[in-house]
Amino acid sequence: MPVSEQPPKPQDSVAAELSRWIADMPDVDPLTEAARQRIGRMARLFERLLTQVAADNELTAGDWAALSALQRSDPPHQASPTTLAQQLGITSGTMSVRLGRLSRAGLIESVAAADGRSKPVRLTPRGQDLWRAATQQRTSRERGLFAEALSPEDLKELNMLLSRLLGRLESEFGQATRHDVPKDA
């Protein structure tokens, strides 16, 4: 099919709105603003995907974040509620609610503390299995989305560009958190 007869590529939401918004802000660089808007919107959409996969596995995104934090801790995959709350950037009250829900579901269990002051929690085998299944589902969906939009070469180039940009942002504002911090309890 000749180039002039090819159907137009779908326009993303930033492309659809940017020229109208930029018209009111002549000092804003449209390329920088477009990139920032796209990165922000993609982050929110990836959070939506994570929330959907969590729900498919009878979790909230916050529950999954807590399981992920425990999974990333050294075996036996345990941590104190205070440590988890700090890692996830949530209050101790929110952490207590979350841990109660995970405990009732049999995904975590309390363990005796060495110092007797704090009662750490750890993943149960059921919690590890659910975390692995949900994470596999999430990564599979993400891989499919990327593969439909980008070639392997495009993805390699995108990672290189994003790495440079993230490195520059982190040199200015400090290292970004290791993981997403969901907004729900």
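Met 42 is found in helix H2, and in this predicted model the residue is partly exposed, with a relative accessible area of 44%. Because that value lies between the 20% that bounds burial and the 50% beyond which a residue counts as exposed, Met 42 belongs to the intermediate class.

**The nonpolar patch**

Met 42 joins Ile 39, Leu 162, Leu 165, Leu 169 and Phe 173 in a nonpolar surface patch of about 560 Å². Two elements, helix H2 (30–56) and helix H7 (152–173), each give two or more residues to this patch, and of these contributions that of H7 is the greatest, with four residues.

**The chain as a whole**

The protein chain holds seven helices and three strands, which follow one another along the sequence in the pattern α-α-α-β-α-α-β-β-α-α. Of its 185 residues, 28% count as buried, while the accessible surface comes to about 12,800 Å², with 55% of that area belonging to carbon and sulfur atoms. When contacts between residues at least 6 apart in sequence are considered, 53% of them join residues at least 24 apart.

**The sheet**

The three strands form an open sheet in the order E1-E3-E2, with antiparallel pairing. Strands E1 and E2 stand at the edges and have a single partner strand each, so one side of each is left without a neighbour in the sheet. The pairing of E1 with E3 is antiparallel and runs over two bridges, and within this part of the structure Ala 79 stands opposite Val 121 in E3.

| Strand | Residues |
|---|---|
| E1 | 78–79 |
| E2 | 108–110 |
| E3 | 121–123 |

**Helix H4 and its surroundings**

Helix H4 spans residues 81–88, and its buried residues are Leu 84, Ala 85 and Leu 88. Seen down the axis of H4, these buried residues fall within an arc of 100°, so they line one face of the helix. The elements against which the buried residues of H4 pack are helix H3 (61–72), helix H5 (92–104) and the strands E1 and E3, so that the description of H4 leads back to the sheet, where E1 and E3 are themselves paired. Just after H4, Gly 89 takes a positive phi of about 70°.

Taken together, two settings of nonpolar side chains have been described: Leu 84 and Leu 88 are among the buried residues of H4, whereas Leu 162, Leu 165 and Leu 169 are among the residues that make the nonpolar surface patch.

Methods: Residues numbered from 1 in each chain as written. Predicted model: local features only at pLDDT ≥ 70, side-chain atom pairs only at ≥ 80, totals over all residues. Heavy atoms only, no water. Pairing = 2+ DSSP bridges. Buried < 20%, exposed > 50% of the residue type's maximum accessible area, 1.4 Å probe, protein only. Arc of directions from axis to C-beta. Contact = heavy atoms within 4.5 Å. Patch = residues over 30% accessible without salt bridge, like charges linked within 9 Å, V, L, I, M, F, W, Y side chains within 5 Å. Areas by Shrake-Rupley, 256 points an atom, 1.4 Å probe, with all protein chains shown as cover. Salt bridge = Lys/Arg side-chain N within 4 Å of Asp/Glu carboxyl O.
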